[in-house]
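Here is a short set of exercises to work through with the model open in your viewer. Try each task yourself before you read its solution.

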Amino acid sequence: MNNNTKFDLGALLNIEGATVFFAVAVLILFSSIFAPSFLTPENISNVLVQSVFVVILGIGMTYVLISGGIDLSVGSAMGLAAAVCVYCINAGLPLPLALLIGLATGAAAGFVNAYLIVVLGFADFIATLGTLSLMRGIVEVMTASTRLNSKNPEFMFLAGGSLGGIPFAVIVALVVAIVAGVILARTTMGRAVYGVGLNPKSSFLAGVLVNRVRFSVFVVSGLCAGLSGILLASRLSSVHPAMGTGYELTAIAAAALGGASLSGGRGSVLGTALGALFLAILQNTLSLMSVNAFWFQIITGVIIVLAVLMDGGVRRFVAQRARAA
Amino acid sequence: MADREETMDKGGISRRQIFGTAFAGAATAAGTAMLGSLGSAAMPGRAFAQDAASGGASTSIAWGDEAWRKVVADKVAGRTLKIGFTGPAASEFYDEIEHGAFAQMHAYSDLFGVKWDWTYASPQEHQDINDQVNTIEAWVTNKFDAVLVCTAGDFESMQNVYARAETAGTRVFQFNMPAELWDENQNRAISNIGYNNVMQAGYLAGRYIAKQLGGKGKMILIWGLPGHWSTARRKGLDIALAEFPDLKIVGEQRGDYVRDKALNAAMNLLQRDPDINAIYGENEEMALGASQAIQALGLKAWDGKEGIITIGADGLKSGFESIQQGQMTATVSVGAVDQGRQSIEAIFWNLIFGQVPPKVFNVRTQVVDKTNVDEPLAYVNWALSVPKI
């Protein structure tokens, strides 16, 4: 205890999301040096809006990952919720009702996943792979030959408008992050999610309704996917057959960058949000620097692996320090 | 009606010829210095310049004269035009379009001294439109002069970002999108350089199959990812087939624009029904996959009289070579090289002089089979030999 600085460093690194926060800070420094237009207000607003979809999707994914599960269907759920929502708007329903139906579609997708996994006992990987394909098919049927688009100005405000200079979609993402973060970190339900992920048996013995927790995380994930899809539809003012394809992997990458463990029990909303922000800034910077499109992919892959490695290294360092102390 | 293809070929003015003479004219006008510079660079203009020098340059009608060329060059004043190019996926087809653009950029650099700063991007996930929107936003932030966009989404999904680009001073051009599906006045892009997917692709493929088979037979279809391209080509195919009630579609499957999925799809359909007469692959990769399925099953490819016809659409080098070797029967070449060249033409005159290109500019297309593959193959080979910018 005589060496206060080292002890403080360890404590600091132990905070959830500290490493990814550090990574984001380094990336911002790099970007502002090598891409001069990075720090312009328009670009910052662009990057924040660009990150919103994966932030929200990733938050739902974080719940599932912490509980020890995985949800591969979120990209398709995004597309389906968006398609249903825009369909309702075009059918003349009032916007709030259409949005609600869109969100309900996302939640329903999560409900189906949960039913298959928790009640019928499917492996989550297989069940969500099935619903991924199923929902993508529905989106394609809905959009392949009839175009689904909406120019409703209120609908376009969701991802295009701003309040007091802050893009509205960013405000939505902030609210979602705060609510989801508080629930996860400060409530019994949140602690139960961690408990189920760490050790379902002892959680059950401790009185946690394990199945109910596992059920609810998939509904949360579906709900987040629905919201993310609706925002994306608003940004593109249309839904196309491939909308959301591949987003599940980006969401998992964001959560992993943010310190979530694919084997459950670890992760945080703040970490995932920063992870998503990291990926958006990286993409933006490489675009601003006009990096060759093929190198773009390679660099993205290398940086993700490095960032996760760094996170693991820091964890080991913290663990050793804890043992030494 | 039956000879629509032929009429289109003869009726259309060959832009290639115009540019040929343009090169020749400008090169002769500029004198030996310019000839020297053209001759030393590995440039497409070289051949034309030599033609002009050896064969009666005085009688050929040039594209403009030196006085005009100088006016343009003075206005350009050595300016660098910053252009972004984004397609829905990285593929041989978009590479050909890009090389067509390179060819035209080199030509204008030589003629008018314009410089080019060219950036290419395609989404990491196939057809991720939001990814492309993000890229365009970054380019707008970086004050690009113009962006060339082709997306799997409809015009609607791009209008917001086009509007932002417009406000920030970046001009938007589209390429290779089926403009015929939308109201052109709703599109904020300055021009759509492409071709009519209904009548210049799907329709032509249907007519070709009908003509070869004498209007009678069984065919199967292999489709790409659902979206505007497949919608438009299907429409054209249906228009063509409506005249031939004895030519029946007996099976359809998805190939998602890639060879392996199309190969499997064709195998399955052919095993169910081996006496199929024709396979329409909505793009060339899939038609190539279908022709491989025919080979793998030991069935006979079309030889002009019998066998199974395979027809695709794109106009790839690999497709033309497969046609030469008698594997794939035919393809609809949709003018990839010309789309690239015309895009640069539209951008150059718009950026430098504010000249307004047609809102919808369709390039020539053509059904290519063994009888006429030489010219399109030579043209694509030339474009691919042009150095990158």
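**Exercise 1. The contact between the chains**

How many residues does the contact take from chain A and from chain B?

*Solution.* Keep in mind that this is a predicted model.

- Step 1: chain A gives 30 residues to the contact, and chain B gives 29 residues.
- Step 2: look for the elements on the chain A side. Those that give two or more residues are helix H3 (41-66), helix H11 (210-236), helix H13 (269-288) and helix H14 (293-324) of chain A.
- Step 3: rank them. H3(A) gives the most to this side, with 5 residues.
- Step 4: sort the residues by class. The side of chain A that touches chain B has 8 nonpolar, 18 polar and 4 charged residues.

**Exercise 2. Chain B in outline**

Describe the make-up of chain B, from its secondary structure to its domains.

*Solution.*

- Step 1: count the elements. Chain B has 15 helices and 12 strands.
- Step 2: check burial. Of its 389 residues, 54% count as buried.
- Step 3: look at the contacts in chain B with a separation of 6 or more. Residues 24 or more positions apart account for 77% of them.
- Step 4: divide the chain. Domain 1 covers 14-64, domain 2 covers 77-195 + 336-364 + 377-385, and domain 3 covers 198-333.

**Exercise 3. The parallel sheet**

Find the strand order of the open sheet in chain B whose pairing is parallel, then find a helix that packs on it.

*Solution.*

- Step 1: the order of the 6 strands is E2-E1-E3-E4-E5-E11 in chain B.
- Step 2: identify the edges. Strand E2 (115-121) and strand E11 (360-362) of chain B each pair on one side only.
- Step 3: turn to the twist. On average, neighbouring strands of this sheet are turned by 20° against each other, direction ignored.
- Step 4: add the helix. Helix H14 (residues 336-353) of chain B packs on the sheet and touches strand E1 (80-86), strand E3 (146-149), strand E4 (171-175), E5 and E11 of chain B. The direction of H14(B) makes about 160° with that of E4(B).
- Step 5: zoom in on one pair. Strand E5 (residues 191-194) of chain B and E11(B) are joined in the parallel sense by 3 bridges, and B:Gly194 stands opposite B:Asn362 in E11(B).

**Exercise 4. The mixed sheet**

Trace the open sheet with mixed pairing in chain B, and follow strand E6 to its partners.

*Solution.*

- Step 1: this sheet has 6 strands in the order E7-E6-E8-E9-E10-E12 (chain B). Its edge strands are E7 and strand E12 (366-369) of chain B.
- Step 2: consider E6(B), residues 217-223. Of its 7 residues, 6 are buried.
- Step 3: pair it with E7. E6(B) and strand E7 (residues 247-254) of chain B run parallel over 7 bridges, with B:Ile222 opposite B:Gln253. Together with helix H10 (residues 228-241) of chain B, E6(B) and E7(B) make a right-handed β-α-β unit.
- Step 4: pair it with E8. E6(B) and strand E8 (residues 278-281) of chain B are parallel, with 4 bridges, and B:Met219 has B:Ala278 as its bridge partner.
- Step 5: go on to E9. E8(B) and strand E9 (residues 309-314) of chain B run parallel with 3 bridges, where B:Ile279 stands opposite B:Thr310.
- Step 6: add the helix. Helix H12 (residues 284-296) of chain B packs on the sheet, touching E6, E8, E9 and strand E10 (330-333) of chain B.

**Exercise 5. Where two domains meet**

Which elements give two or more residues to the side of domain 2 of chain B that touches domain 3 of chain B?

*Solution.*

- Step 1: set the scale. The C-alpha centres of the two domains, domain 2 and domain 3 of chain B, lie 29 Å apart.
- Step 2: 16 residues of domain 2 of chain B are in contact with 15 residues of domain 3 of chain B.
- Step 3: the elements asked for are helix H6 (92-112) and helix H15 (374-385) of chain B. H15(B) gives the most, with 4 residues.
- Step 4: by class, this side of domain 2 of chain B has 9 nonpolar, 3 polar and 4 charged residues.

**Exercise 6. A tryptophan in H15**

Why does B:Trp382 count as partly exposed?

*Solution.*

- Step 1: locate the residue. B:Trp382 lies in helix H15 of chain B.
- Step 2: apply the cut-offs. A residue needs 20 or more C-beta neighbours within 10 Å to be buried, and 12 or fewer to be exposed.
- Step 3: B:Trp382 has 16 C-beta neighbours inside 10 Å, so it counts as partly exposed.
- Step 4: compare sequence with space. B:Trp382 and B:Gly100 are 282 residues apart in sequence, with 9.3 Å from C-alpha to C-alpha.

Technical notes
Residues numbered from 1 in each chain as written. Chains lettered and ligands numbered in written order. Predicted model: local features only at pLDDT ≥ 70, side-chain atom pairs only at ≥ 80, totals over all residues. Pairing = 2+ DSSP bridges. Right-handed = clockwise from strand over helix to strand, strands pointing away. Axes fitted to C-alpha atoms, helices over the stretch in contact; angles between N-to-C directions. Contact = placed C-beta atoms within 7 Å. Domains from an automatic or database assignment. Nonpolar A, V, L, I, M, F, W, Y, C, P; charged D, E, K, R; others polar.
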